[in-house]
Amino acid sequence: VSTQSTWGCTRECVGCKQAPCVRACVSQGVNNNFHIRTGAYLALLYNDRSVLENHHLTQVFDLVKNPKYNIFAGFTFEQLKDVRDTMLEMVLSTDMGNHARIFQTFRRRLNEDKEWTGREDQRLAMDIAIKMADISNCCRPAAIYAEWAKNIAAEFYNQGDTEARLGFTISPFMDRSKDKTDFPKGQVSFMNYIVIPLFEAGVQLLPKLDFTVAEAKKNKQDWLNKS
């Protein structure tokens, strides 16, 4: 069975459709740095490299070994390899530790005067797409973003509480006692240095997404107005 007939798209497209499902399939409420600092089993297992992203991928590909859940059952070895490579590339790109490298590559490519047709270009575009989706809460209408921010803050503070109980220095923006000052600063900085630059660059490739930049700037201004 070909991926074209089964899924209605190319192998890269199949991988692109599945990668977002993998991205947060096993949420533990703490970040990579927490696993590394505490010497957690997953950090040891993945050698401190993209700990959660690697774990998500491992869990999913282990799951589909079970015939009951194997959505790739009709694929040949080569077809599955291409799909898996795309999924690995995309999910690992969401590790913020890889952000600078990927973003710089994307900006350089945007300045080149040639069509986005090669496989490397396709992979890079898909990496940027999932990265934008991963942090898109900052680009949503204010009421929706406010709910996301509330949930993010709760997750941050839960990790900070755990760090304090373990005797670790509390990670930046995760100290519950500083929620009135640090969390707003963290959100503004995140939008200034990560979200808005990424989406502004993404809009160069996909101009119809320009509304996302406007929403992010509005949400950033709301935090500034409250400070």
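This is a short walk through a predicted model, one selection at a time.

**Stop 1: helices α6 and α8**

Start by selecting α6, residues 77–93, together with α8, residues 119–134. The axes of α6 and α8 approach to within 8 Å, crossing at roughly 45 degrees. That angle makes α6 oblique to α8. Turn the view until one helix lies over the other, and you will be looking at a right-handed crossing.

Now show the side chains between these two helices. On the α6 side, pick D82, D85, T86, E89, M90 and S93. Their partners in α8 are R119, R123, M126, D127, I130 and K131. What classes of residue make up the contact of α6 with α8? There are seven charged residues, three nonpolar and two polar. Colour by residue class here if you would like to see that division directly.

**Stop 2: the E12–R119 bridge**

Keep R119 on screen and add E12. These two form a salt bridge, with the closest N and O atoms 3.0 Å apart. E12 belongs to helix α2 (residues 11–23) and R119 to α8, so the pair ties together parts of the chain that are 107 residues apart in sequence. Which of the two is buried, and which is partly exposed? E12 is buried, because its relative accessible area of 13% falls under 20%. R119, at 41% relative accessibility, counts as partly exposed.

Next, add R11 and D82 to the selection. R11, E12, D82 and R119 are linked in a network of salt bridges. You have already met D82 in α6, among the residues that meet α8. In the whole structure there are 12 salt bridges, so there is plenty more to click through if you enjoy this kind of hunt. As a reminder while you do, side chains of opposite charge can pair when their charged atoms come close.

**Stop 3: the other contact of α8**

Leave α8 displayed, hide α6, and bring in α10, residues 182–205. Here the axes come within 11 Å and cross at roughly 135 degrees. α8 and α10 are therefore oblique to each other. The crossing is left-handed.

For the side chains, select A125, I128, K131 and M132 in α8, then L198, F199, G202 and L205 in α10. How many nonpolar, polar and charged residues are in this contact? Six are nonpolar, one is polar and one is charged. K131 is worth a pause: it is listed in the contact with α10 and also in the contact with α6.

**Stop 4: R37 and its surroundings**

Move to helix α3, residues 32–37, and select R37. Its side chain meets that of E163 in a salt bridge, 3.2 Å from N to O. E163 sits in helix α9 (residues 142–165), 126 residues from R37 in the chain, and the pair links these distant parts. R37 is partly exposed at 29% relative accessible area, whereas E163 is buried at 1%.

Expand the selection around R37. Leaving aside neighbours within four places in sequence, R37 is in contact with E163, F168, T169 and S171. For a distance to draw, try R37 to D48: their C-alpha atoms are 9.5 Å apart, with their positions 11 residues apart in sequence.

**Stop 5: H35, also in α3**

Stay in α3 and click on H35. Is H35 buried or exposed? H35 is buried, with a relative accessible area of 6%. Not counting residues up to four places away in sequence, H35 touches Q28, V30, A40, L42, A43, V51 and L52.

**Stop 6: a loop residue and one last bridge**

Select R49, found in the loop between α4 (41–45) and α5 (51–63). R49 is exposed, because its relative accessible area of 58% is over 50%. Draw a line from its C-alpha atom to that of N111: the two are separated by 30 Å, and lie 62 residues apart along the chain.

Finish with R109 and E112, whose side chains meet in a salt bridge at 3.8 Å, N to O. R109 counts as buried at 5% relative accessibility, while E112 is partly exposed at 38%.

Terms used: Residues numbered from 1 in each chain as written. Predicted model: local features only at pLDDT ≥ 70, side-chain atom pairs only at ≥ 80, totals over all residues. Heavy atoms only, no water. Axes fitted to C-alpha atoms, helices over the stretch in contact; angles between N-to-C directions. Helix = DSSP H or I, 4+ residues; strand = E, 2+ residues; numbered from the N terminus. Parallel < 35°, antiparallel > 145°, perpendicular 65-115°, else oblique. Left-handed = near helix turned anticlockwise from the far one by under 90°. Contact = heavy atoms within 4.5 Å. Nonpolar A, V, L, I, M, F, W, Y, C, P; charged D, E, K, R; others polar. Buried < 20%, exposed > 50% of the residue type's maximum accessible area, 1.4 Å probe, protein only. Salt bridge = Lys/Arg side-chain N within 4 Å of Asp/Glu carboxyl O.
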